[in-house]
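This report describes the fold of a single protein chain, beginning with its sheet and moving on to the cores, the loops and a pair of helices. Please keep the sequence and the structure in view while reading.

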Amino acid sequence: MPEVTPPGQDLNSNLVEAALKLALAQLAKQQNEEKAGPAAAAAGEPAAPGVVYLHGLPEINQTIQTALEDAEREILTAQPDGPRPGAVLEEALESVRRQIAGGVAMRTLYQHTTRFDEATKGYVRTVTDHGVHVRTLAEFFDRLIVIDRSTAFISANDDRTVASMITEPSVVRFLSDVFERSWDRAEPFPFVPIHAAQAAPEMVPAIRESIRRLLVEGHSDKVIARRLGISERSLQAHVAAIKDGLGAKNRLHLGYLLGRSETTLVL
């Protein structure tokens with residue numbers, strides 16, 4: 001049976017996640033075998049460059065904030081899940097000002113859906129004036145922070161109540177490359193047109209293209225909505241539009257048509 005692969009995928013999110021999980025599992029095994037000393041364990045530090053697991057939002061936020069304050073050259077962040085609350089953006093703005101004033105370069109990735117959010121647009125306009133570079137893309141595999149190409153933070157569980165602080169050079173390099181590849185595919189955050197209704201024609205095709213691909217991969221509506229930073233209700237409206245566009249009679253028929261049109265035979 002010939003292999004099928006989705007066309008136009010510069011970075012396959014499933015492969016990224018699988019490779020990262022494998023790397024983290026290997027590091028965890030290595031740390032367990034090395035049996036870090038009691039003092040190091042009590043301090044929450046690994047015996048060698050690797051992974052430290054942070055439990056609970058207070059510990060996660062405090063550790064990330066401390067690492068950000070110690071940044072000397074560069075901060076890379078990817079913030080999926082769509083628009084962020086206004087209070088969170090205000091708090092982030094103060095940190096950005098301090099970092100830029102200290103000569104730290106910053107780049108941030110958001111999802112296309114943030115272009116429709118007034119609070120996010122105001123925040124991006126302000127941080128851009130401070131020298132931060134912001135781009136958006138339809139989808140990013142998960143939240144990511146990379147500091148000085150030496151420390152990275154990622155989520156360690158689905159509800160993001162556990163995070164991994166990674167200092168293993170090979171894994172940090174891998175995550176930095178994931179960010180760079182996504183950055184290359186992303187588009188600058190625009191401030192014109194101002195209204196969401198005017199911006200929609202520009203962004204909706206990219207969002208629906210991601211929905212089509214994720215449906216072909218077999219993801220549930222809940223997973224797709226989360227990965228694109230939209231509500232399940234908005235997702236269903238997009239799916240209905242895709243179904244009408246393809247002339248599908250129902251979701252099963254839609255799946256067949258998408259599978260036929262979204263894949264290419266590799267001979």
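## The sheet and its edges

Eight strands form an open sheet in the order β2-β8-β7-β6-β3-β4-β5-β9, and the pairing within this sheet is mixed. Strands are DSSP runs of E with at least two residues, helices are DSSP runs of H or I with at least four residues, and both are numbered from the N terminus; two strands pair if DSSP finds at least two bridges between them. The edges are occupied by β2 and β9 (187–188), each of which has a single partner strand, so that one side of each is left without a neighbour in the sheet. At one of these edges, β5 (residues 133–137) and β9 pair in the antiparallel sense over two bridges, and R135 stands opposite P188 of β9.

The model is predicted, so local features need pLDDT of at least 70 and side-chain atom pairs count only at pLDDT 80 or more, whereas totals for chains, interfaces and linings use all residues. Residues are numbered from 1 along each chain as its sequence is written, and side-chain values use heavy atoms, with hydrogens and water left out.

## Overall composition

The secondary structure of the protein chain comes to ten helices and ten strands. Of the 267 residues in the chain, 42% are buried, where buried means under 20% relative accessible area, exposed means over 50%, and partly exposed lies in between (1.4 Å probe, protein chains only). Among contacts between residues at least 6 apart in sequence, 74% join residues at least 24 apart, a contact being heavy atoms within 4.5 Å.

## Strand β8 and its two partners

Which residues of β8 point one way from the strand, and which the other way? V162, S164 and I166 point one way, A163 and M165 point the other way, and all are buried. In a regular strand the side chains alternate between the two faces of the sheet. Five of the five residues of β8 (residues 162–166) are buried, so this strand is largely enclosed by the rest of the structure.

β8 has antiparallel pairings with β2 (residues 51–55), over five bridges, and with β7 (residues 151–155), over four bridges. In the pairing with β2, H55 stands opposite V162, while in the pairing with β7 the bridge partner of F153 is M165.

## Loops with positive phi

The hairpin of β7 and β8 has six residues between its strands, and within this hairpin R160 takes a positive phi near 60°. R160 is buried, with a relative accessible area of 16%, and it touches L57, I60, P80, D81, D142, R143, S155 and R226, not counting residues up to four places away in sequence.

The loop between β6 and β7 holds both D148 and R149. D148 has a positive phi of about 55° although it is not a glycine, and phi of R149, likewise a residue other than glycine, is positive and near 55°. D148 is buried, with a relative accessible area of 9%, whereas R149 is partly exposed, with a relative accessible area of 38%.

## Nonpolar cores and the helix across the sheet

A nonpolar core is a set of buried Ala, Val, Leu, Ile, Met, Phe, Trp, Tyr and Cys residues joined through side-chain atoms within 4.5 Å. The largest such core has 27 residues, and those with the most contacts inside it are Y123 and F153. Elements that give two or more residues to this core include α3 (57–69), β4 (105–111), α5 (118–129) and β6 (144–147), and α4 gives the most, with five residues. Y123 touches L89, A92, L93, V96 and Y110, not counting residues up to four places away in sequence. A second, separate core of 16 residues includes V51, L76, L137 and I154.

Helix α6 (residues 169–185) lies across β3 (74–78), β4, β5, β6, β7, β8 and β9, and runs at about 65° to β4.

## The contact of α8 with α9

The axes of α8 (residues 221–228) and α9 (residues 232–246) come within 9 Å and cross at roughly 100°. Axes are lines fitted to C-alpha atoms, for helices over the stretch in contact, and angles run from 0 to 180 degrees between N-to-C directions. The two helices are therefore roughly perpendicular to each other, a description used for angles of 65 to 115 degrees, while angles under 35 count as roughly parallel, over 145 as roughly antiparallel and the rest as oblique. The contact is made by D221, K222, I224 and A225 of α8 and by E232, L235 and Q236 of α9.
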